Amino acid sequence: MKTLQELVRPNIWSLSPYTSARDEYQGKDAKVFLDANENPYNDPVNRYPDPLQRDLKQRISAIKGVPADTIFFGNGSDEAIDLMYRIFCTPGKDNAVAIEPTYGMYGVCADINDVEYRRVLMDENFQPNADRILAATDSNTKLVFFCTPNNPSGNNIDHKVIDKVLDSFDGIVIVDEAYIDFAGVPSYLKQLADRPNLIVLQTFSKAWGMAGIRLGMAFAQPEIIGIMNKVKYPYNVNLLTQKRAMEEVMQYDRVQGWVESILKERTRLMAEFAKLDCCIKVYPSDANFFLARVKDAAATYNYLVDQGIIVRNRSKIALCGNSLRVTIGTVVENNALLEALSKY
């Protein structure tokens, strides 16, 4: 790959980051804090949070089996995605490449940052071709995005394709593993130490059941994490989010139990959905949702809305004509969906 200095925008490489009061003081023995112009009342939310979330990173380090200095926390994974563009892509000059269809925020962040976004269409089984992806890159391509399991298709992307791009592309490859806990395949975190151009994204929103606290994770070489910390806003993860996440990581067995329940329900719901008169095809899924082609997606969606049941109509997405994306819910929720559609 190119050197990190070659990949990073010159102004970002030379950036002097804002230094907060909590950056300058990192000890734990102080009792009186008169350094950050905080209100002395209303403990604990009167105090600024740890800008680098050190305690939480130590816990996640143990769970994920990676060093703490390879971890970045952001306001959802979307913050990390946006930072990739701001760090590596010069507006109006550089470009990014991604599989299509996939998570929409890669393209939205490209548009916000005035970066050309190149889509490489997958085949009818929602698998990409590595040679086509590489052919879409040029000397100004800084980023390549993979989402695996992919959204909205739900399937794992062939690791041979990702590996070939990692081996051949001289820029940054982002592997978004938001749904990895449901996937039944190894995480790319296992390759992190040997892949200087790899960034892995994960999240607390799916398996951890904490979409409401908006906490995303990025994993990369310490040098890349250092640049991300330099560019992010000083207190990007608030105190309440850090505390709630810490409570959950202390109960990791509970998360694993949720995953097992969702996987069991995924098998049942997909099998029953395939029997419905409105269903044409249910696509294989390695996530906590599945994609299904139906006879009339718009009419089916509107009918379900009238029944108080909300799924996602993905018909306007490439390769997803007349398709609904269905998240795996509880047994009660899934039964309500099946009962409603059995009467449709």
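# A walk through the model, starting at F73

Hello everyone. Let me begin with one residue: setting aside neighbours within four places in sequence, F73 is in contact with Q53, L56, K57, I60, F204, L215, G216, M217, N236 and V237. Please keep in mind that this is a predicted model.

So where does F73 sit? Look for strand β1, residues 71–74, and you will find F73 there. Is F73 buried or exposed? F73 has a relative accessible area of 0%, and because buried means under 20%, F73 counts as buried. Here is another way to place it: F73 and M228 are 155 residues apart in sequence, yet their C-alpha atoms are 9.7 Å apart in space.

M228 takes us to a pair of helices. Which residues make the contact between α5 and α9? First, the geometry. Helix α5 covers residues 76–88 and helix α9 covers residues 222–231; their axes come within 10 Å and cross at roughly 95 degrees. That makes the two helices roughly perpendicular to each other. On the α5 side, the contact uses A80, L83, M84, R86 and I87, while α9 brings I227, M228 and V231. By class, this contact has 7 nonpolar residues, 1 charged residue and no polar ones.

Let's stay with α5 for a moment. How many of its 13 residues are buried? The count is 11, so we can call this helix mostly covered, because buried means under 20% relative accessible area. Among the buried residues are G76, S77, E79, D82 and Y85. A80, L83, M84 and I87 are buried as well, and those four also belong to the contact with α9.

Now please turn to the sheet. Four strands form an open sheet, in the order β8-β9-β11-β10, and the pairing is antiparallel. Why do β8 and β10 each have one side without a neighbour in the sheet? β8 (279–282) and β10 (312–313) stand at the edges and each has a single partner strand, so one side of each is left free of a neighbour there. Further in, strand β9, residues 289–294, pairs with β11 in the antiparallel sense over 5 bridges. If you want a spot to look at, find A292, which stands opposite L324 in β11.

Helices pack on this sheet, too. Helix α11, residues 252–273, touches β8, β9 and β11, and its direction makes about 5 degrees with that of β9. Then there is α12, which lies across β9, β10 and β11 and runs at about 35 degrees to β11.

α12 has a helix partner as well. Helix α12, residues 297–306, packs with helix α13, residues 331–342, at an angle of about 120 degrees, with the axes 11 Å apart. The crossing of these two helices is right-handed. T300, Y303 and L304 of α12 meet L337, A340 and L341 of α13. Sorted by class, that contact has 5 nonpolar residues, 1 polar residue and no charged ones.

My last stop is G329, in the loop between β11 (323–327) and α13. Its relative accessibility is 21%, so G329 counts as partly exposed. Leaving out neighbours within four places in sequence, G329 is in contact with E265 and N334. The C-alpha atoms of G329 and R268 are separated by 11 Å, and the two residues are 61 residues apart along the chain.

Thanks for listening, everyone!

Technical notes. Residues numbered from 1 in each chain as written. Predicted model: local features only at pLDDT ≥ 70, side-chain atom pairs only at ≥ 80, totals over all residues. Heavy atoms only, no water. Buried < 20%, exposed > 50% of the residue type's maximum accessible area, 1.4 Å probe, protein only. Contact = heavy atoms within 4.5 Å. Axes fitted to C-alpha atoms, helices over the stretch in contact; angles between N-to-C directions. Parallel < 35°, antiparallel > 145°, perpendicular 65-115°, else oblique. Nonpolar A, V, L, I, M, F, W, Y, C, P; charged D, E, K, R; others polar. Left-handed = near helix turned anticlockwise from the far one by under 90°. Pairing = 2+ DSSP bridges.
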